[in-house]
Amino acid sequence: MKSEKYNRSVSLHCPTCGGGMFEYDQGVDETIELVKCASCGRETTKDELIRENSENISEHAKEIGNEFVKDAADELRKSLKKAFRGSKHIKIK
Ligand SMILES: [Zn+2]
């Protein structure tokens, strides 16, 4: 049995569904090693998966950054509104 070839977990995530389990099939040629997502069945080469993951990671970091900035801005706006409500004579410096 060559079951060891399959269901090997790779510390990468599927760009399509975000799944972290892949079936890894080592091809005849080392350059065409295929990985297949266990969740959605997407097939891609190992190199492509790694490339897409590095793009994903930076995209994700950007998204988190934007969300954080947006939340912080919302919070600031809310607390400013409260400050305005609390006093009729507020001065903005
Ligand atoms: Zn997937």
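**Notebook: a three-strand sheet and its surroundings**

I started in the middle of the sheet, where Lys36 has Glu43 in S3 as its bridge partner. This is a predicted model, so I keep the confidence in view as I go.

**Confidence first.** I looked up the pLDDT, and the chain averages 74, with 67% of the residues scoring at least 70. Residues 6–10 fall below 50, and in the model this stretch has 8 contacts beyond near neighbours in sequence.

**Overall layout.** I count 1 helix and 3 strands in the chain. Going along the sequence, I read the pattern as β-β-β-α. I also checked burial over the chain: of its 93 residues, 6% are buried. Then I turned to contacts with a separation of 6 or more, and 20% of these join residues 24 or more positions apart.

**The sheet.** What order do the strands take in the sheet? I find S1-S2-S3, an open sheet with antiparallel pairing. S1 and S3 are the edge strands, each pairing on one side only. On average, neighbouring strands of this sheet are turned by 25° against each other, direction ignored.

**S1 with S2.** I went through the pairing next. S1 covers residues 22–25 and runs antiparallel to S2, with 4 bridges joining the two. One position I noted here is Asp25, which stands opposite Leu34 in S2.

**S2 with S3.** S3 covers residues 43–45, and 3 bridges join S2 to this strand, again antiparallel. Leu34 turns up once more, this time opposite Thr45 in S3. I followed the chain from S2 into S3 and found a hairpin with 5 residues between the strands. In the turn, Gly41 has a positive phi of about 80°.

**The two faces of S2.** Which residues of S2 are on the covered face, and which on the uncovered one? S2 spans residues 34–37; Val35 and Cys37 are on the covered face, Leu34 and Lys36 on the uncovered one. I set this beside a general rule: in a regular strand, side chains alternate between the two faces of the sheet.

**The core.** I looked up the largest nonpolar core next. It has 5 residues: Cys14, Phe22, Val35, Cys37 and Leu49. So the covered pair of S2, Val35 and Cys37, is included in this core. As background, nonpolar side chains tend to be buried together in soluble globular proteins.

**Leu49 and Leu12.** I followed Leu49 out of the core list. Leaving out residues up to four places away in sequence, Leu49 touches Leu12, Val35 and Thr44. Leu12 belongs to the segment before S1. With the same exclusion, the contacts of Leu12 are Leu49, Ile50 and Asn53. The C-alpha atoms of Leu12 and Leu49 are 7.7 Å apart, although 37 residues separate the two along the chain. Is Leu12 buried or partly exposed? I get 19 other C-beta atoms within 10 Å, and buried needs 20 or more, so Leu12 is partly exposed.

**Met21.** My last stop was Met21, which also lies in the segment before S1. Met21 has 15 C-beta neighbours inside 10 Å, so I log this residue as partly exposed. I also checked Met21 against Ser39: the two are 18 residues apart along the chain, and their C-alpha atoms are separated by 7.2 Å.

Technical notes
Residues are numbered from 1 along each chain as its sequence is written. A nonpolar core is a set of buried Ala, Val, Leu, Ile, Met, Phe, Trp, Tyr and Cys residues joined through C-beta atoms within 7 Å. A residue is buried if 20 or more other C-beta atoms lie within 10 Å of its own, exposed if 12 or fewer, and partly exposed in between; C-beta atoms are placed from the backbone. Two residues are in contact if their C-beta atoms, placed from the backbone, lie within 7 Å. pLDDT is the predictor's confidence in each residue, from 0 to 100. Two strands pair if DSSP finds at least two bridges between them. Axes are lines fitted to C-alpha atoms, for helices over the stretch in contact, and angles run from 0 to 180 degrees between N-to-C directions.
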